[in-house]
Amino acid sequence: MEVRTPPQQTVPRKQLDELTILYQFSNTMLSTIRLNKLTHLILTALTSRTTGIFERAMLFLRNEKSGMLQGMLGITRDTAEGLKVVGGDDALSSRWDMDDDAIVHQRESAFSKHVRSTRIEAGADCTIMRRVVREHRLYALGEDGCQVCESCDFIQRLGITAFAVAPLVARDKALGIIVVDNPVSNKLIGRDDLHFLQLIANQAGMAVENSMLYNRIEEAHSNLRDARERLVHGERLAAIGEMAANLAHELKNPLVTIGGFAGRLVKGLASDSREHQYADTIVKEIGRLERMLADILGFSRKPTICYSNCDVGDILEDCFASCATTLEDHGVTLARSFEDGPWPTLGDAYQLKQVFLNIMLNACEAMSDGGSLHVSLRKVSLDKKCILVSIRDSGGGIPADMLPRIFTPFFTTKPHGTGLGLAIVNRILQNHGGSIEARNEGSGAVFTVILQQAETP
Ligand SMILES: Nc1ncnc2c1ncn2[C@@H]1O[C@H](COP(=O)(O)OP(=O)(O)OP(=O)(O)O)[C@@H](O)[C@H]1O
Ligand SMILES: [Mg+2]
């Protein structure tokens with residue numbers, strides 16, 4: 001019996017080449033996750049001398065909120081270089097890759113910069129928008145070019161006449177468009193070319209979507225890592241705070257005893273003797289240590305607020321009385337401008353006094369050779385009705401690199417400071433739903449305190 005072999009079907013060379021390119025493109029899309037590299041690979045594949053069939057390719061991504069198409073990258077045949085085949089000898093397993101240098105070179109090209117500065121803010125009658133972005137269909141235009149809107153940035157800026165546009169679609173959503181044209185040879189874009197473009201764009205859409213999702217996961221991961229680091233740092237600070245509080249508590253009793261005995265010595269010794277002077281120094285230094293320990297204990301204790309209706313003007317007057325001698329000792333003149341009182345707030349008057357006193361004492365300490373302290377008080381309307389107190393000194397200000405750290409516990413530039421004054425101020429104001437800001441102005445620092453205004457009965 002005669003056995004007949006079926007006639008051998010030969011695939012035309014061009015089709016075979018295109019199939020190889022599509023295989024390699026598909027492998028490339030599956031193995032490249034970085035959006036930046038991916039966009040370069042897509043456009044290079046469309047334009048390079050070995051794989052591409054177009055002279056220029058441009059990528060525009062769609063801004064989901066505004067709907068506008070923003071130029072991201074443009075590649076011409078001259079810049080479509082650096083494509084390497086890696087990962088296997090045959091087309092089924094090999095893919096393309098590019099070096100970072102080639103990517104930078106493409107990105108920095110004049111054409112790519114030009115594309116990046118182009119947006120398509122097309123209206124409802126724009127064919128590209130309607131047909132490509134909304135209906136997800138390919139669109140090709142002949143030599144006459146687009147006549148719809150003559151002022152179109154896209155057509156004018158990029159010198160486009162005949163061109164084709166393919167949508168980048170993923171999960172039924174248009175992520176952007178790829179535009180291709182042949183401005184050098186003016187070769188017409190044929191049906192086969194469009195077919196090829198469509199196949200490439202279909203695969204590129206999914207790859208771009210995956211890459212965007214991956215970027216979002218990476219961003220979320222990095223935010224999570226930062227939050228974790230902040231938490232660990234916070235826990236460490238809390239542990240240090242607890243240790244400091246325990247230490248302060250243990251030191252308090254022996255200090256009281258030492259201070260008490262030193263006080264008795266002062267009383268028993270002749271006032272002009274050296275021993276009297278020594279004992280007096282011990283008493284003063286013990287007093288300073290006790291105040292410091294009280295600050296540390298106060299800061300580490302859970303804050304309790306005794307709310308009452310108070311007037312910020314009265315609290316400030318009380319502060320002026322308390323620091324009158326300090327102001328005098330430092331040669332500081334006090335000026336006040338209180339506008340349209342009363343200034344009612346609901347808060348703990350004792351703690352609020354501590355806030356303004358700490359700020360004023362810092363100002364005095366910054367003006368050891370004299371100066372001026374200006375305190376102003378007024379009502380302001382922010383998102384709520386508020387009371388604003390600004391305390392301005394002429395003590396030279398706070399160095400810019402230190403400004404962000406002055407509210408951090410234990411940050412001090414003073415030899416005998418604990419660095420808790422402003423940390424306590426900040427904590428009290430936060431507990432009162434208020435805020436504080438520091439800045440430099442003129443010859444000194446300005447602290448602005450904002451408190452919520454209470455309703456007047
Ligand atoms: N008015 C100001 N002018 C210049 N620097 C200031 C002023 N107020 C605060 N600072 C800076 O901020 C730092 C922190 O102030 P904070 O009141 O927290 O601590 P301290 O005054 O150093 O010590 P403590 O108040 O605990 O005795 C100060 O050491 C100082 O460097
Ligand atoms: Mg202080």
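User: Which element gives the largest share of the shell around ligand 1?

Analyst: In this predicted model, a residue belongs near the ligand if one of its heavy atoms lies within 4 Å of it. Helices (H or I, at least four residues) and strands (E, at least two) are DSSP runs, numbered from the N terminus. The largest share of the shell around ligand 1 is three residues, and they come from H11.

User: How are residues and chains labelled, and which confidence limits apply to this predicted model?

Analyst: Residues are numbered from 1 along each chain as its sequence is written, while chains are lettered from A and ligands numbered from 1 in the order in which they are written. Side-chain values use heavy atoms, with hydrogens and water left out, totals for chains, interfaces and linings use all residues, side-chain atom pairs count only at pLDDT 80 or more, and local features need pLDDT of at least 70.

User: Which residues come nearest to ligand 1?

Analyst: The surroundings of ligand 1 hold 18 residues. By class, eight are nonpolar, eight polar and two charged, where Ala, Val, Leu, Ile, Met, Phe, Trp, Tyr, Cys and Pro count as nonpolar, Asp, Glu, Lys and Arg as charged, and the others, Gly among them, as polar. Those that come nearest are Asn362, Thr412, Thr413, Lys414 and Thr418.

User: Which residue has a polar side-chain atom 2.8 Å from a nitrogen atom of ligand 1?

Analyst: A polar contact is a pair of N or O atoms within 3.5 Å; within protein, one must be able to donate a hydrogen and the other to accept it, and residues adjacent in sequence count only if both atoms are side-chain atoms. Oxygen atoms of ligand 1 lie 3.3 Å from a polar backbone atom of Gly421 and 2.8 Å from a polar backbone atom of Leu422. The nitrogen atom of ligand 1 is matched by a side-chain atom of Asp393.

User: What percentage of the accessible area of ligand 1 does the protein cover?

Analyst: Accessible areas come from the Shrake-Rupley method with a 1.4 Å probe; for residues, only the protein chains shown count as cover. On its own, ligand 1 has 600 Å² of accessible area. The protein covers 89%.

User: Why is Cys306 in no disulfide?

Analyst: A disulfide is a pair of cysteine sulfur atoms within 2.5 Å, and by this rule the count is zero. Cys306 is exposed at 57% relative accessible area, whereas Cys310 is buried at 12%; buried means under 20%, exposed over 50%, partly exposed in between (1.4 Å probe, protein chains only). The closest cysteine sulfur to that of Cys306 is in Cys310, too far for a bond because the distance is 11 Å.

User: Which peptide bond in the loop between S10 and S11 is cis?

Analyst: Most residues other than glycine have a negative phi, and most peptide bonds are trans. The loop between strand S10 (332–338) and strand S11 (344–347) holds Pro342, and Asp340 also lies there, with a positive phi near 35 degrees. The cis bond, with omega near 0 degrees, runs from Gly341 to Pro342.

User: Which backbone oxygen lies 3.0 Å from a polar atom of the side chain of Asn182?

Analyst: Asn182 sits in the loop between strand S8 (173–181) and helix H7 (191–268) and is buried at 5% relative accessibility. A polar atom of its side chain is 2.9 Å from the backbone nitrogen of Glu55. The backbone oxygen is that of Lys187.
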